[in-house]
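Visitor: I am new to this structure and would be grateful for a guided account of it. May we go through it in questions and answers?

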Amino acid sequence: MTRLRTIPADPVDRTRLPLDEWRLVESRPGGDLGLMETLFATANGYLGMRGTPSEGRDVHSHGTFLNGFHETWPIQHAESAFGFARTGQTMIPVPDSTVMKLYVDDEPLLLSIADLEEYERWIDFREGVLRRALIWRTPAGKRVKVETSRMVSFTQRHLALMEMRVTMLDGAAPIAISSQIINRTDFADDFGSRGGPGPVTDKHDPRQTTAFTHRVLEPQQDWHSERRMLLGYRVAQSGMTLGVGADHQVESEAEVQQLVDTTPDQGRHISRAHLEAGQSLVVRKAVAYHSSRSVPHRELFDRCRRTLDRVREAGHAVQLEDQRRYLADFWTRSDVRLPGRPVEQQATRWCLFQLAQAAARSDQWGIPAKGLTGSGYEGHYFWDTEIYVVPFLTFTAPRWARNALRFRVNLLPKARERARELNQRGALFPWRTINGDEASAYYAAGTAQYHIDADVAYAFAQYADVTGDLEFQRRDGVRVLVETARLWSDLGFWRVTADGDAAFHVHGVTGPDEYTTVVNNNMFTNVMARYNLRRAAAAVRDLQQADPAAHEELRVELELDDLELEQWEACADGMLIAKDESLGIHLQEDRFLEREVWDLSATPDEAFPLLLHYHPLVIYRFQVLKQADVVLALFLRGSEFTAEEKRADFEYYDPITTGDSSLSAVVQSIMAAEVGHQKAALDYFRAGLFVDLGDLHHNTADGVHIASAGGVWNALVHGFAGMRHDEGRISFDPRLPVDWPELSFPLTVRGSRFTVRLVREEISFTLEEGPEIEVTVRSEEVRVTAAGRAVPLADQGPVLDDAVLSSPRGLGDQRADGSIVTSFVPKDPDEPWEYPVPTDPDDLLESP
């Protein structure tokens, strides 16, 4: 049984993070700094700032990031081979503009040692502004109220706004606020604090980032006037360019002196005033970031000036109001409501807010695995986006979904190059990348995950079905579908058995489960490739009928003919989806059942995740999963499997899944709910819901798990509400948890937005905007209208005993070759061997 099933109902420290359904609130400073910096990060999909204090310390790791802004470096393979990834890519911090250091009587405010009478920091998900208010008793005994705010704009993606308001509550004192821009990647600030990718605590942890020893940001120019500062850079190896600028507005009843200066790695605006009791000093800061793959910094300076000029003309208040309106629209389209469940409600809204921060203004860049909240996974884009995040965007913010898919369209030329490098036709998208080049140095668990092609194709097909945006499919999506289908038809091959049956095989690939690599006929890969092939053929035929001229252009451009479409359909029809009839389960891959079972119950907690404590070859010899593999296929292509098959597969694979991947729990929750393991479904949901707020994987300091946040929405809508879509047909088969009084959420389908409300006795639908639409509830047709329609529910689906999930099935059973299936944990070589080597061959048939 997966370990994450044992987490508390609320694993969040409520003494530090008190409960609020619309806000994340911190009641006192300190604690796990890395965790808090991630949880309170602000971002918009293009620009992100970790939740570090305005004073600049104490911090775990500074970080201001721009989507796609990266350094490249040569991957050094100890033993290289043709086709290995050659160019590493790492998202690098841009100069930090969050710093606004405060001095009272020349004493700095440092939260770690300050005498604080009051303290609260919060972010309201409806406002999108990080705020903090505190009362500081200075070493001289004077009481000072300090209020700060930080906003990354959704409406102007290049813009961030900050404010510091200092009020003397009693006494009088000289005040200084030093507002700065600091290139922490290459330069230490006044406190000796650097940025860079952050501390690498475990060189063997592939989830962490790469540190650089060379100068990364090469200064091009620094400039300042009385109110504005500008710094320009070029990245040493990637050649990307950057411009950052800041304006300041100062208000006070007292006389204020201001000083501005810049150096190649720092800009400073210093405000000084002598405040009497009751007086305040307010410094408002507007910052603009612009980057490019190659545009000279001078042009980026001009872009920064235009961004800052708009703020100077309109004022900060207008930007704040625009932010509120933007988020009000987001919540209208996206909010999942859980009345009576405040703990789950807050965590759900926090996850949805993270999805907005990661995707809203990515604007045809990808969506990094950690968003822009930290340096984890080096800022790379994975298949996580298409399977876990794009579905949420498709059903709530189609424009954002289209932008995410446009990123893959833009990568298609490089994907074609990568396929040729691996001797394949068509296109092969990189498993992890920023600029389109494969960046995974470990091909077995990286490049070999060819399933990313089918995942991308799935997202394009789902988008077309749900949104009805056929213009996008016929112009861009069809090309992605064609080139990915070509890869499968070329990669696979036909094999004929002795009795004359023919099947299409796909060998030498890795599925989503990275504890089972380079295998033959991975079930997930074959199921998704089959769908890819069929949808590609259908898309080409649709284009031929809808727009013959565009079809002819596509045919000539891609050298496409009808025989190739027929080949794809034949490959799909013949795709091998192997089953073991004795167990009644689908094989994760051809030889999976030949392995012994890893005894997860006997594995100490400190040995997880397994990838950090065991050599890959040790893990590969066992039946043990990092994440849902077969189970994920059952969810994504559920209409292709029977209820009996789903239950058998889930009950076999669930007990041998470690939960080492944050991607797994939400999928297990969905399928547990569908087959009837409803307690397990809720346990797994909590494991996904609190991945970051509860720091369940102990690496949230590296950034938010964006795919898991997307999975939370999927678990609520697909799992508990039982929503499925097949070729655009929307259906519901609910599984509301027994202690939940209600679940409701909006969906947008083909331009119609409607609200779904689920209680134990019924499920109802109300059209909010757009034309009426048809859905089904347990095979009953329902027309969704503005008047609303309720459908009675006899139950919330089957309820099964979770006891069958406590240990793997088949232990002690005899394989076809006569051997016995056993379960154990790899022993420490220094421990004494516990079992004698058998001398009688019959002993081999006995379980230890």
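**A guided reading of the model**

Guide: Let us begin with a single residue: Asp105 is partly exposed, its relative accessible area being 23%. The model is a predicted one.

Visitor: Where is Asp105 found, and what is its phi?

Guide: Asp105 belongs to the loop between strand 7 (100-104) and strand 8 (107-108). Most residues other than glycine have a negative phi. Asp105 has a positive value, although it is not glycine, and its phi is near 55 degrees.

Visitor: Is Gln364 buried or partly exposed?

Guide: Gln364 sits in the loop between helix 4 (342-359) and helix 5 (384-396), and its phi, near 75 degrees, is positive in a residue other than glycine. Buried would mean under 20% relative accessible area and exposed over 50%. Because its relative accessibility is 34%, Gln364 counts as partly exposed.

Visitor: Which residue does a cis peptide bond join to Arg57?

Guide: Most peptide bonds are trans. Here the bond is cis, with omega about -5 degrees. The partner of Arg57 lies in the loop between strand 3 (47-49) and strand 4 (64-66), and that partner is Asp58.

Visitor: What is the omega of the peptide bond from Phe608 to Pro609?

Guide: Pro609 is placed in the loop between strand 24 (596-598) and helix 12 (616-620). The bond from Phe608 to Pro609 is cis, and its omega is near -10 degrees.

Visitor: Which residue of strand 15 stands opposite Glu218?

Guide: Strand 14 (residues 217-224) and strand 15 (residues 228-235) pair in the antiparallel sense over 7 bridges. A hairpin of 3 residues joins strand 14 to strand 15. Opposite Glu218, in strand 15, stands Arg234.

Visitor: Which strands stand at the edges of the open sheet 28-29-30-33?

Guide: This sheet has 4 strands, and their pairing is antiparallel. Each edge strand has a single partner strand, so one side of each is left without a neighbour in the sheet. The edge strands are strand 28 (743-749) and strand 33 (789-792). From one strand to the next, the twist averages 20 degrees.

Visitor: What is the bridge partner of Phe745 in strand 29?

Guide: Strand 28 and strand 29 (residues 752-758) run antiparallel and are joined by 7 bridges. Within strand 29, the bridge partner of Phe745 is Val756.

Visitor: What angle does the direction of helix 17 make with that of strand 28?

Guide: Helix 17 packs on the sheet and touches strand 28 and strand 29. Of its 15 residues, 15 are buried, so the helix is mostly covered. The direction of helix 17 and that of strand 28 make an angle of about 95 degrees.

Visitor: How far apart are the end C-alpha atoms of helix 17?

Guide: Helix 17 (residues 706-720) has 15 residues, and at 1.5 Å a residue it should span 21 Å. The helix bends by about 30 degrees at Asn714, and just after it Gly722 takes a positive phi of about 65 degrees. The distance between the end C-alpha atoms agrees with the expected span: 21 Å.

Visitor: Over which residues is the pLDDT below 50?

Guide: The protein chain averages a pLDDT of 94, and 95% of the residues score at least 70. Where pLDDT is low, the predicted coordinates should not be read in detail. Beyond near neighbours in sequence, one such stretch has 18 contacts in the model and another has 9. These stretches are residues 196-203 and residues 844-848.

Key:
Residues numbered from 1 in each chain as written. Predicted model: local features only at pLDDT ≥ 70, side-chain atom pairs only at ≥ 80, totals over all residues. Heavy atoms only, no water. Helix = DSSP H or I, 4+ residues; strand = E, 2+ residues; numbered from the N terminus. Expected span 1.5 Å × (residues − 1). Bend = angle between axes of the 7 residues up to and from the residue. Buried < 20%, exposed > 50% of the residue type's maximum accessible area, 1.4 Å probe, protein only. Pairing = 2+ DSSP bridges. pLDDT = per-residue confidence, 0-100. Contact = heavy atoms within 4.5 Å. Axes fitted to C-alpha atoms, helices over the stretch in contact; angles between N-to-C directions.
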